[in-house]
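This report introduces a protein model to a reader who has not met it before. It turns to the surface, a pocket and the charged pairs.

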Amino acid sequence: MLDATNRSGGTATASPRASAAQLTATAVVVPAATPMATPAAGLTARCARILLSPWSRLSLLVALLASAASAMLLLEPQKLLTDGLPSQLGGAAAVVAYAVAYGVCTVAFVPRPILNLAAGALFGSQLGLGAALGGTVLGAGFAFCLGRALGQDALRPLLRGRWLKAADQQLSRHGFRSMLAARLFPGVPFAASNYCAAVSRMGLLPFLLATGLGSIPNTAAYVVAGARASTPTSPAFLIALACITVPGLVGAVVAWRKRHRLRAR
């Protein structure tokens with residue numbers, strides 16, 4: 001008997017072996033069903049995009065700074081001038097702890113002159129200057145990193161005015177020189193310069209170096225004044241007081257003249 005047809009001329013019949021081979025060759029491959037995204041996963045991704053958006057991060061920065069400022073009002077760090085440090089702290093640990101606290105306080109908008117005076121009163125001229133400068137650099141670094149991470153993406157598109165663009169270009173292209181001048185000039189607010197530098201494209205290392213070098217004269221004057229506050233007639237106190245007063249007056253005069261020139265334009 002033949003596999004394809006019978007000898008009597010009947011219709012062709014496929015053998016079981018051939019039928020199985022044909023079915024295997026002509027089988028349709030059905031693709032595996034792809035798993036559909038669940039509504040919970042889509043909601044999570046949407047919430048993550050909203051929370052990580054530039055304006056959400058800027059709102060978080062504002063909330064953090066407002067909370068820190070409120071905490072400083074409650075804690076009253078100016079009491080260090082009268083109460084001193086806790087009795088548990090002493091030596092190098094006290095200097096390091098004060099520098100860290102100094103940095104946190106500057107982020108929370110505590111005026112640096114108060115902290116500098118307290119550093120001199122607590123540690124004397126040399127150690128006080130080290131603690132104050134360390135705290136200044138730490139506080140500036142904290143503010144810069146916070147502003148860069150949480151505020152830069154939202155605030156950079158708002159730099160549309162001529163003066164804002166000019167300031168941004170100056171800080172971005174000549175960061176070290178510009179920040180050094182801002183630290184040496186007594187009329188530039190410390191916190192404002194920190195966040196302006198963070199919004200610009202200035203690097204962190206030039207910012208910290210300029211802050212450390214430019215803050216030495218003003219910080220040293222306040223620290224010496226705090227260290228010699230008990231003897232207000234001593235030459236060191238009078239020289240420190242002059243180093244505080246004269247640059248402040250010069251800065252006020254320069255700012256006043258600049259203001260009139262801008263109005264004249």
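The model is predicted. Val100 has a relative accessibility of 40% and therefore counts as partly exposed, since that class lies between the limits of 20% for buried and 50% for exposed. Val100 is placed in helix α5.

**A nonpolar patch**

Val100 is one of the residues of a nonpolar surface patch of about 380 Å², together with Val96, Val104, Leu138 and Phe142. Two helices, α5 (92-107) and α6 (112-150), each contribute at least two residues to this patch. The most comes from α5, which supplies three residues.

Another valine, Val254, belongs to helix α13, which covers residues 235-264. Its relative accessibility is 32%, so Val254 is also classed as partly exposed. The C-alpha atom of Val254 is 9.4 Å from that of Gly187, although the two residues are 67 positions apart along the chain.

**The largest pocket**

Rolling a probe the size of a water molecule over the atoms shows where empty space is left. The largest pocket has a volume of about 530 Å³. It is lined by 20 residues, and those closest to its centre are Ala167, Asp168, Leu171, Ala192 and Cys196. Helices α8 (162-173), α9 (175-184) and α10 (190-199) are the elements that each give two or more residues to this lining. The most comes from α8, with six residues. By residue type, the lining comprises 15 nonpolar residues, four polar ones and one charged one.

**Salt bridges**

Side chains of opposite charge can pair when their charged atoms come close. How many salt bridges does the structure hold? There are two salt bridges, and they are listed below.

| Arginine | Aspartate | N to O distance |
|---|---|---|
| Arg57 | Asp153 | 2.8 Å |
| Arg156 | Asp168 | 2.9 Å |

The pair of Arg57 and Asp153 links distant parts of the chain, with Arg57 in helix α3 (residues 54-75) and Asp153 in helix α7 (residues 152-155), 96 residues apart. The pair of Arg156 and Asp168 likewise links distant parts of the chain: Arg156 lies in the loop between α7 and α8, Asp168 lies in helix α8, and twelve residues separate them.

Are the two aspartates buried or exposed, or in between? Asp153 has a relative accessible area of 42% and is therefore partly exposed. Asp168 has a relative accessible area of 12%, so this residue is buried. Asp168 thus appears in two settings: it is among the residues closest to the centre of the largest pocket, and its side chain meets that of Arg156 in a salt bridge.

Methods: Residues numbered from 1 in each chain as written. Predicted model: local features only at pLDDT ≥ 70, side-chain atom pairs only at ≥ 80, totals over all residues. Heavy atoms only, no water. Patch = residues over 30% accessible without salt bridge, like charges linked within 9 Å, V, L, I, M, F, W, Y side chains within 5 Å. Areas by Shrake-Rupley, 256 points an atom, 1.4 Å probe, with all protein chains shown as cover. Salt bridge = Lys/Arg side-chain N within 4 Å of Asp/Glu carboxyl O. Helix = DSSP H or I, 4+ residues; strand = E, 2+ residues; numbered from the N terminus. Buried < 20%, exposed > 50% of the residue type's maximum accessible area, 1.4 Å probe, protein only. 1 Å grid on protein atoms, 1.4 Å probe; cavity = no way out; pocket = protein on both sides within 12 Å on 5 of 7 lines; lining within 4 Å. Points joined across faces, edges and corners; volume = space filled by probe spheres on them. Nonpolar A, V, L, I, M, F, W, Y, C, P; charged D, E, K, R; others polar.
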